[in-house]
Amino acid sequence: MHKLWKYLFNEDTGRGIALTTILYSSPYKKTYDFAKHSERWSSEQIKSYQWQQLTTLLHHANHNVPYYKKIFKTQGLTPNDIKSLDDFQTLPFLTKEAVQEHSNELKATNYPMHVFEETNTGGSTGFSLRFYVEKGVWFAKHLAYIKILLERGGCQIMDKSVQIIGREKPWEYRPLAKTLVLSSYRMTDENLPRYIQKIKRLQPAYFVGYPSAITMLARYMKSNMIELKGLKAIFCFGETIYDWQREFLEIFFQCRVHGQYGHREQCILAGTCEKSNSYHIFPDYGFAELINRNGQPVTKDGETGEIIATGFHTGIYPFIRYKTGDIATYSTHRCECGRQYPLFKSIEGRVQEFMVSNTNRLVPLMGVLQLISKSSPNMKEYQLYQDHEGELILHIVKKEGFSDDDARHIRENVQSRLGDEFSLSIEYLDSIPRTSRGKYQFFVQKLSIKYTL
């Protein structure tokens, strides 16, 4: 029965999407309608709703989730003692290590066993978490939010689309979803002309996928003077999208690039809108905090912090004050689109995407990758790697024409940007390996980094 379920409701297939929206139409429609309604809320309505959801979740967790029963008892608290946001922020963080160690204790006892569905994260942070979601319902709700994000770009779920993600098959067409799925693993010089041929035959309304993979496709098309007209939008997820990628893709494809931030744990979901590149946090999806390196809340515009998230749709397996390991920049501004949602000015990447200098200083990756990219047009792929403080290794897959001058120019530019706190060595590879989910990593950080003290 389990195998049949996975086959019929596989989230990666058009069949799974269709069956989910049909058989779980109630949570799908209810979630969509409510999320659309929340777009008209004032900031005070948002704060009131989120506080109501937080208090309801805390009572549920204390009554039905063994892990949180112990947490409240250890803290000498009851949910009734949590009367303000300051009180809420005295609760301990939920770490990835705690989820690993207390996996079964985080399951809510008031849900029947047959609705628990095991899932996992990709493990790109070093932790491949296994946890539980509510079978069918979680994906129906997820699709409702995806529909809203697509609509911001003038698209619909059932429009023709190209998806570039981690898959073993080089390509697959899914007629029910009108989607051409291309593998980010298989983006070779042999396959890319076939990819483009299939894309042009489909004439998609939008692209969705990893920004690194879409950028690689666009670079190939540009170098071979291949055009694609008619794209309404590009939707990027799964990786940090850098400013230089967005600029390049928008110029080349002549359409808007939208960013999406979320994760498998379903604690937070945010996306850009029609008017700006700020990330609008869905207030009905979860509650987000930013915490600085001293463990204090970030409240000033332009400051960065680690995202701490609490999900409102994860009652079956609550994530409360979950340390995501992701870094964002806080924004106090209001977007021209009119939504009063909380905003992140940008998603800076993961904690593991900071470089560590020889003085133990954390240096953000932003800007360095663009500098490397601009330093030489003769790199097919590149990746920074660090396993010692102050030492960086740059892996390069060379194009024909790469010379010692390219290498010298890269070293000089990196030295000028980073100074004496870093040394750079260059190694040449035949290809850059992808992650288990087919993502391209611009930076591999092997040092263990803790953002908060």
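Q: What counts as a helix or a strand?
A: Helices and strands are DSSP runs, numbered from the N terminus: a helix is H or I over at least four residues, a strand is E over at least two. This is a predicted model, where local features need pLDDT of at least 70, side-chain atom pairs count only at pLDDT 80 or more, and totals for chains, interfaces and linings use all residues. Residues are numbered from 1 along each chain as its sequence is written, and side-chain values use heavy atoms, with hydrogens and water left out.

Q: Which residue just after helix 8 takes a positive phi?
A: Glycine 154, with a phi of about 75°.

Q: Why does the span of helix 8 agree with its 16 residues?
A: The expected span is 1.5 Å times one less than the number of residues. For helix 8 that gives 22 Å, and the end C-alpha atoms are 24 Å apart, which agrees.

Q: How many residues of helix 8 are buried?
A: Buried means under 20% relative accessible area, exposed over 50%, and partly exposed in between, with a 1.4 Å probe and protein chains only. In helix 8, 13 of the 16 residues are buried.

Q: Which residues of the largest nonpolar core touch the most other members?
A: Nonpolar side chains tend to be buried together in soluble globular proteins. A nonpolar core is a set of buried Ala, Val, Leu, Ile, Met, Phe, Trp, Tyr and Cys residues joined through side-chain atoms within 4.5 Å. The largest one here has 129 residues, and Phe207, Ile234, Phe253 and Leu384 touch the most other members. Helix 8 (residues 137–152) gives this core its largest share, 11 residues. A second, separate core has six residues, including Ile327 and Phe354.

Q: In what order do the 12 strands of the open sheet stand?
A: Two strands pair if DSSP finds at least two bridges between them. The order is 4-5-3-6-7-8-9-10-14-13-12-11, with mixed pairing. Strand 4 (171–174) and strand 11 (286–291) are the edges; each has a single partner strand, so one side of each lacks a neighbour in the sheet. From one strand to the next, the twist averages 30°.

Q: Which way do the side chains of strand 7 point?
A: In a regular strand, side chains alternate between the two faces of the sheet. In strand 7, Ala233 and Phe235 point one way, Ile234 and Cys236 the other way, and all are buried.

Q: Which strands does strand 7 pair with in the parallel sense?
A: Strand 6 runs parallel to strand 7, joined by four bridges. Strand 8 also pairs with strand 7 in the parallel sense, over four bridges. There, isoleucine 234 stands opposite valine 257.

Q: What is the handedness of the crossover through helix 11?
A: A crossover is right-handed if, with the strands pointing away from the viewer, the path from the first strand over the helix to the second runs clockwise. The β-α-β crossover from strand 7 through helix 11 to strand 8 is right-handed.

Q: Where is the open sheet of four strands edged?
A: This sheet has the order 19-18-17-20 and mixed pairing. Its edge strands are strand 19 (423–428) and strand 20 (443–445), each pairing on one side only. Strand 18 (residues 391–398) runs parallel to strand 19, with six bridges between them. One bridge pairs isoleucine 396 with tyrosine 428 in strand 19.

How values were computed: Axes are lines fitted to C-alpha atoms, for helices over the stretch in contact, and angles run from 0 to 180 degrees between N-to-C directions.
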